[in-house]
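Please walk me through this structure, beginning with how its strands are put together and moving on from there to its interior.

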Amino acid sequence: MALKIAKKAETDAQWCVFEQDGEAVARFLIRPIDEPRYQVAQERLQMAVRAGGLDIADIAADAKPWVLRDAEAVARYLVADWEGLEDAQGNALAYSPDTACEVFAQSHVGLVLWAWAKSQAEALQERAEREGAEAVKKP
């Protein structure tokens, strides 16, 4: 009897296609959900929520809801690049973490992109873990 120990599967970012109305409209380079910087961002968001307490009487006018803070974390740490995004005038939008935050938080499809990118990151991680488990089983 022995406990087999294997290193955690490392997964690189992968290109994922975003579809709208069944048509591929953009590609995003997505990191797995266990990206350390994203995990730290999640920890900090949780600490901020706890520090804020449950009092809802005096919420600052510029307070950001959790979903927008998480969208910023996804934009900064899970999205590594993109292709196919354009501004309202049809000019290509170059990827940068700040531009990604703006797109996710302020565009009409931003929260859709946030939810999609996060689900892609989770799927990448699940696939990596499944492949790692299968590799350990092989003789």
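**From the strands to the core**

In this predicted model, the strands β1 and β2 run antiparallel and are joined by seven bridges. The two strands form a hairpin with two residues between them, and Asp21, which lies in the turn, has a positive phi of about 55 degrees. Within this pairing, Gln14 has Ile30 of β2 as its bridge partner. β2 also pairs with β3, again in the antiparallel sense, and here the pairing extends over four bridges. In that second pairing, Phe28 stands opposite Trp82 of β3.

Phe28 and Ile30 lead on to the interior, since the largest nonpolar core has 26 residues, of which Phe28, Ile30 and Phe104 touch the most other members. The elements that give two or more residues to this core are the strands β1 (14-20), β2 (23-30) and β3 (79-83), together with the helices α1 (36-52), α2 (66-78), α3 (97-106) and α4 (110-137). α4 provides the largest share, with six residues.

The surroundings of Phe28 can be followed in more detail: leaving aside residues up to four places away in sequence, Phe28 touches a set of residues that includes Gln14, Trp15, Cys16 and Phe18, as well as Val79, Asp81, Trp82, Leu85, Leu113 and Trp116.

Cys16, one of these contacts of Phe28, counts as buried because its relative accessibility is 8%, which is under the 20% cut-off. Cys101 likewise counts as buried, because its relative accessibility is 10%. A disulfide is a covalent bond between the sulfur atoms of two cysteines, and the structure holds zero disulfides.

How values were computed. Residues are numbered from 1 along each chain as its sequence is written. This is a predicted model: local features need pLDDT of at least 70, side-chain atom pairs count only at pLDDT 80 or more; totals for chains, interfaces and linings use all residues. Side-chain values use heavy atoms; hydrogens and water are left out. A nonpolar core is a set of buried Ala, Val, Leu, Ile, Met, Phe, Trp, Tyr and Cys residues joined through side-chain atoms within 4.5 Å. Buried means under 20% relative accessible area, exposed over 50%, partly exposed in between (1.4 Å probe, protein chains only). Contact means heavy atoms within 4.5 Å. A disulfide is a pair of cysteine sulfur atoms within 2.5 Å. Two strands pair if DSSP finds at least two bridges between them.
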